[in-house]
Structures are given as structure tokens and as C-alpha cells.
Amino acid sequence: MANINLLDFDLLRLFSVPDLIIIGSILLVAIVLIIGNIVLVHFYKKHAERKLCTKQLQQRREELLGMLETMKNGGAFAVADEEEKEDDLTEEEMYEDDEDDDDLEMGVISADDEESLAEAVASADEASEFDRRVRIMKAAEMSPAMREKFSLVGSEYDEKSYFVRFAYSFEAKLNRADEKVQERYVALLNELALYRGVKIASSSKQQRIYKGRKTLGLIMFRGRTLCIALALNPADYKDTKYRGIDMSEKKRFKATPMVFKLTSSRKIEYAKYLLVQLADAHTLVMNENPEKAEINFENLSDAELFENDKLKIYVLGEVPENVLQKIEAEAEAKAAAEAEAKKAERLAKKAEKAQAAQAQEEVAAAKPKRGKKSAE
């Protein structure tokens, strides 16, 4: 404390009070000037970045519009693409993945549940594996890892069947999607790679597009449809060909309310244009040397997906014997009906060929032979 008093005394002896005020003022002005310079540098940097961003995005916008016009005039769009598919989500797509799967537990199923589950299984389309919310699975068909997880280890479970629900991850759905869907996904990744600082984080149900802490979009499946949700106002594009689906009322899409279905090559080009609009809104500068995406799509089995945490299976309960017998009887009846229909179709085709052959023979018989005609 004595040292501080001595210092104060020395300063007061060296400088008068007015001198100290002047020195303090100079220091304050210097600090203000330094802060001002920092702010100005930051401002000019942002301004230059914005100017560069605007120029780059305008060039990209014109390039995309030109490509769309060229592709349209040159017939590059497939006929199926020209016939615009429904922009609205189906009921199944609307509620896809919105349920809390973690609440599903193995347990006793009521009689009403048995009936509704049996109907769901019976009406399921075998070719649409992702559409089947509920299916029947025998314990003997489960992999050792599945049986261990569900506590179904032991020969006493071999003949039992269970109502199960499969929840495929985003990656699993992508790997099992058809080649065109995979090509659209790669095209989308390559477009996102054009923007500096934009990254993608994967989770079980979706991929998040972000820069820093700001979420710019989501890539996900709604049903079997590949979609992108963007941080754009759907109302701004309502009356344009770039219109999307307004999902702002759903909590999941609060930050990215505009959902766009990527159902064709044309829709991918539209999505690229919307990404330019998104980049303009968030001042995203373009990369000079973007990296191309290289993805090896592996079509793994259900057991492999389960073991690699790409597939969740929820056992809802054991299938009662009477329900199982009913489902098996309906399946057999359906198979028999299909076999009978195919047999009838084959017989009809055979009869049609026979009639055609007979008609040809009658025509040939009706024509006079050349030698007989000459003799006459």
C-alpha cells in the first residue's frame, strides 16, 4: 500500500492535474481510434465478402437458369420429369419419423392391438419394405445379435413369432434406394460443396446442413422420398415453380420450414437454384476448388444393418397362435389366387396363339396354289 501511495505522489509531482487529464484524453482517443479501425476493417471485409458473394451467386444463378433452359429445350428431362409429381407430402410422408420410436417397448398386446397389427401385416406390400410399419418375424429368422438383444435366446423361442417394427436409418434408406435417388443425392452434395464453410453432420434420421452454429437445411427421407428442408420462407416461393411444402407448424422444421421433394432431375436443378437463394440470404462465398463427393453405396442385409446401428428393431409382442394361423391362411389364399390368375393368363395367351395360328392356316388354305392356277 505504501508503494502505491509513493507512485501516486511521484506522478502528481511529475505531472500536474491538467497534464494528467490531457494524457488520459489522448489515451482514450487512441483507444477509440484503434477500436474504430478494427470495426472499419471488419466492415470493409464483410462488404467485400458480400460484394464477392453477390457476384458469384449471380453468376451461379444465371448458369443454373441457362442449364435449365438448355435441358428443357434439348429434351434432357425425362417424360416422367415433365409430368410434375405431387408437391404435397402424402399422409405417410407427412408423419414419417415423427413418432418417438424410443417409447416402443416389448410387452403384452391387447386383443384390439392384435387385430390392428394383423391387418397392418396382411395389407403390407412385400416390395415396399420401408412402407411396412409392422411385420411378423420368427425368432428362428433373427440373427444371434437380435435374439440376444431381445432376450429370445433358447430353443423354446425357435417356433415363436413376434410383431416387430423396423426403423431404418437415413444411411440405410439411402443405400437401399434406387440408383437414380442415389445420383440425385450425390448431385446435391456436390452442389453444397460449392459453398465455403458449409458442412454436413449425420444422425440416424437425417443429415444437417450448417455453417458455424446456424442450421441451413436438412436432408432426409419422408417415406421413400428424398427431401431437403431449407431455411427459406415457403411463402416467398408459393406461386413459383420453386414452391416447396410449408412445414413451419412442425417443431422439427422450425428452423428449416421449406421442404422440397427431390423426385426428378428437374427438381434437383430447382433445389440448386434454391441453394443459391439460401447462400445469398446468409452471405455464403463459393469455393474455388470444391471437392467432388465419392460415395460407395453398400446394400447391407438387415442383420448387418442392425449390428452396425443402422437399423432399429422394436419387438411389439408375441403373435398369438390364432392370429398367426389367420394371417398364414390369408397369405396362402392370396398366393393360391395369384397362382390361379397366372395360370388363367397363360391359358388365355395359349388359346390366343392357337387361334392366331388357325387363322393363318385358314388364310393359307383359301389362297389358290400357283401350279393349279397356271394349269387352268
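Biologist: Happy to look at this predicted model with you. Is Glu171 buried, partly exposed or exposed?

Modeller: Buried would need a relative accessible area under 20%, and exposed would need over 50%. Glu171 has 39% relative accessibility, so the residue counts as partly exposed.

Biologist: Good start! Which residue forms a salt bridge with Glu171?

Modeller: Glu171 lies in helix H7, and its partner is in the loop between helix H10 (302-307) and strand E9 (311-318). The pair therefore ties together parts that are 139 residues apart in sequence. The partner counts as partly exposed at 26% relative accessibility. With the closest N and O atoms 2.9 Å apart, the partner is Lys310.

Biologist: And with which residue does Arg176 meet in a salt bridge?

Modeller: Arg176 is in helix H7 and its partner in helix H10, 126 residues apart, and the pair links distant parts of the chain. The partner is partly exposed, with a relative accessible area of 21%. At 3.0 Å, N to O, the side chain that Arg176 meets is that of Asp302.

Biologist: Nice. What separates Lys272 and Glu269 along helix H9?

Modeller: Lys272 forms a salt bridge with Glu269, their closest N and O atoms being 3.4 Å apart. Lys272 is buried, and Glu269 is buried too. Because the two are three residues apart in helix H9, the separation is about one helical turn.

Biologist: How many salt bridges does the structure hold?

Modeller: We have met Glu171 with Lys310, Arg176 with Asp302 and Lys272 with Glu269. These are among the salt bridges of the structure, and the total is five.

Biologist: Let's go inside. Which element gives the largest share of the largest nonpolar core?

Modeller: This core has 35 residues, and Tyr195, Ile219 and Leu275 are among those with the most contacts inside it. Elements giving two or more residues to the core include helix H8 (179-192), strand E5 (214-222) and helix H9 (265-281). The largest share, nine residues, comes from H9.

Biologist: How many residues are in the second, separate core?

Modeller: Ala139, Met142, Tyr162 and Leu311 are included in this second core. Its size is 16 residues.

Biologist: One more, please: what distance does helix H11 reach from its first C-alpha to its last?

Modeller: Helix H11 covers residues 321-366, which is 46 residues. Within H11, Val323, Leu324 and Ile327 are buried. At 1.5 Å a residue the expected value is 68 Å, and the helix comes close to that, reaching 67 Å.

Notes
Residues numbered from 1 in each chain as written. Predicted model: local features only at pLDDT ≥ 70, side-chain atom pairs only at ≥ 80, totals over all residues. Heavy atoms only, no water. Core = buried A, V, L, I, M, F, W, Y, C linked by side-chain atoms within 4.5 Å. Buried < 20%, exposed > 50% of the residue type's maximum accessible area, 1.4 Å probe, protein only. Helix = DSSP H or I, 4+ residues; strand = E, 2+ residues; numbered from the N terminus. Expected span 1.5 Å × (residues − 1). Salt bridge = Lys/Arg side-chain N within 4 Å of Asp/Glu carboxyl O.
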